[in-house]
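Subject: Structure handover and notes

Hello,

Here is the structure I said I would pass on. Please open it beside this email and keep both in view while you read.

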Amino acid sequence: MSRFRIAPSILSADFGHLADEVRAAEDAGADWVHLDVMDGHFVPNLTIGPDIVRAVANVTSLVVDVHLMVSEPAHLIPSFVDAGAHCIGVHVEACAHLHRTLQEIRAAGVRACVVLNPGTAPELVRPVLPMVDQVLVMTVNPGFGGQSFIPETLPKLYQLRRWIELQHHPIDLSVDGGISADTIESVALHGADCFIMGSAFFKSGDYKCFVDSIRQRLAAYERHDAATRESQISSSGP
Ligand code: DX5
Ligand code: ZN
């Protein structure tokens with residue numbers, strides 16, 4: 001089985017046929033389904049809450065990955081756990097007590113993910129690496145689907161991959177924003193192993209064909225180790 005995870009973000013799905021869209025993503029070979037919760041405060045947009053997460057969790061066996069773009073999200077954790085989330089991500093920029101919030105997510109029995117914005121230094125999440133199961137690097141500024149990938153996030157991804165390899169437990173390194181057939185290879189080269197894709201996935205027309213083509217592109221990176229990664233990154237320039 002591949003070490004890579006493909007996670008369609010329902011933000012770009014047809015909300016009028018959400019259950020069908022999620023089933024179609026599962027049939028196409030996706031690994032996770034990614035749900036974006038926005039509060040109109042931390043980000044300038046509003047989306048879904050626990051009821052939609054529950055509706056999605058009820059129609060799929062995919063891993064339900066919830067991305068909270070919410071200021072001070074700690075009080076919402078029990079509702080999303082109850083709704084069927086398997087993983088909950090909180091932004092380092094949104095939590096005054098990040099350590100405690102991540103502890104609460106894990107104590108509730110789900111995977112804890114720390115998320116960082118493109119303008120946030122990776123050093124800010126380093127102290128919490130021992131207590132997370134996933135790090136999510138935003139490769140666009142959060143709030144909307146369909147934005148362009150920010151290439152300046154690549155060195156941060158690579159730095160986080162090196163720190164993750166020093167940890168004593170597995171941590172997924174995911175990317176979110178502007179991920180498509182055009183950008184997937186460079187994020188894989190820099191150490192990402194989970195790929196959240198909204199518009200590229202749901203606007204592709206043929207989901208199965210899209211997943212197959214992405215997996216084909218990723219095949220070359222399947223057995224990349226730290227040394228190969230380092231030499232390829234340094235030979236590909238700054
Ligand atoms: C944006 C969300 C993303 C969004 C990505 O703030 O976190 O999950 O759906 O959309 P694309 O893949 O279109 O950039
Ligand atoms: Zn997201």
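The notes below go through the sheet, then the metal site, then some salt bridges. Please keep in mind that this is a predicted model.

**The sheet**

Start with the strands. Eight of them form an open sheet, and their order across it is β1-β8-β7-β6-β5-β4-β3-β2, with parallel pairing. As background, strands of a sheet pair through backbone hydrogen bonds, either parallel or antiparallel. The edges of this sheet are taken by β1 (5-8) and β2; each has a single partner strand, so one side of each is left without a neighbour in the sheet. Neighbouring strands are turned against each other by 20° on average, with direction ignored.

Next, look at the end of the sheet where β2 lies. Strand β2 runs parallel to β3, and seven bridges join the two. Two of the pairings are easy to look up: Trp32 has Val63 of β3 as its bridge partner, and Val37 has Leu68 of β3. Between these two strands the chain passes through helix α2 (residues 50-57), and this β-α-β crossover is right-handed.

One step further along, β3 is joined to β4 by four bridges, and these strands also run parallel. Here Asp65 stands opposite Cys87 in β4. A right-handed β-α-β unit is made by β3, helix α3 (residues 77-83) and β4. Strand β4 (residues 87-91) then pairs with β5 in the parallel sense over five bridges. In that pair, Val90 has Val114 of β5 as its bridge partner.

How much of β2 is buried? Seven of its seven residues are, so the strand is largely enclosed by the rest of the structure. The burial applies to both faces: Trp32, His34, Asp36 and Met38 are buried on one side, and Val33, Leu35 and Val37 are buried on the other. Strand β2 is therefore an edge strand with one side lacking a neighbour in the sheet, yet both of its faces are covered. For β3, six of the seven residues are buried, so this strand too is largely enclosed.

**The zinc site**

Which residues coordinate the zinc ion (ligand 2)? They are His34 through NE2, Asp36 through OD, His67 through ND1 and Asp176 through OD, at 2.0 to 2.3 Å. The site has six donor atoms, with angles of 70 to 168° among them, and is octahedral. Along the chain, the donors follow the spacing H-x1-D-x30-H-x108-D. Within this set, Asp36 in strand β2 (residues 32-38) and His67 in strand β3 (residues 63-69) link distant parts of the chain, 31 residues apart.

Are these two residues buried or exposed? Asp36 has a relative accessible area of 6%, so it counts as buried. His67 is buried as well, at 1%. For both, the cut-off for buried is under 20% relative accessible area.

**Salt bridges**

The count of salt bridges comes to nine. Three of them are described here.

The first to look at joins Arg23 and Asp20, whose closest N and O atoms are 3.2 Å apart. Both residues belong to helix α1 (residues 18-27), and because they are three residues apart there, about one helical turn separates them. Arg23 is partly exposed, at 38% relative accessibility, and Asp20 is partly exposed too, at 45%.

Another salt bridge is formed by Asp172 and Arg111, with 2.6 Å between the closest N and O atoms. Asp172 lies in strand β7 (residues 172-176) and Arg111 in strand β5 (residues 111-116), so this pair ties together parts that are 61 residues apart in sequence. Arg111 has a relative accessible area of 28% and counts as partly exposed.

The remaining one described here is between Arg161 and Asp193, where the closest N and O atoms are 2.9 Å apart. Arg161 is in helix α5 (residues 154-165), while Asp193 is in the loop between α6 (184-189) and β8 (194-197); the pair links distant parts of the chain, 32 residues apart. Both Arg161 and Asp193 are buried.

Regards

Conventions. Residues are numbered from 1 along each chain as its sequence is written. Chains are lettered from A and ligands numbered from 1 in the order in which they are written. This is a predicted model: local features need pLDDT of at least 70, side-chain atom pairs count only at pLDDT 80 or more; totals for chains, interfaces and linings use all residues. Side-chain values use heavy atoms; hydrogens and water are left out. Donors are N, O and S atoms within 2.8 Å of the metal (3.2 Å for Na, K and Ca); water is not among the atoms, so sites may look incomplete. Four donors count as tetrahedral if all angles lie between 85 and 135 degrees; four count as square planar and six as octahedral if opposite donors are over 155 degrees apart and all others between 65 and 115; anything else is irregular. Buried means under 20% relative accessible area, exposed over 50%, partly exposed in between (1.4 Å probe, protein chains only). A salt bridge is a side-chain nitrogen of Lys or Arg within 4 Å of a carboxyl oxygen of Asp or Glu. Two strands pair if DSSP finds at least two bridges between them. A crossover is right-handed if, with the strands pointing away from the viewer, the path from the first strand over the helix to the second runs clockwise. Axes are lines fitted to C-alpha atoms, for helices over the stretch in contact, and angles run from 0 to 180 degrees between N-to-C directions.
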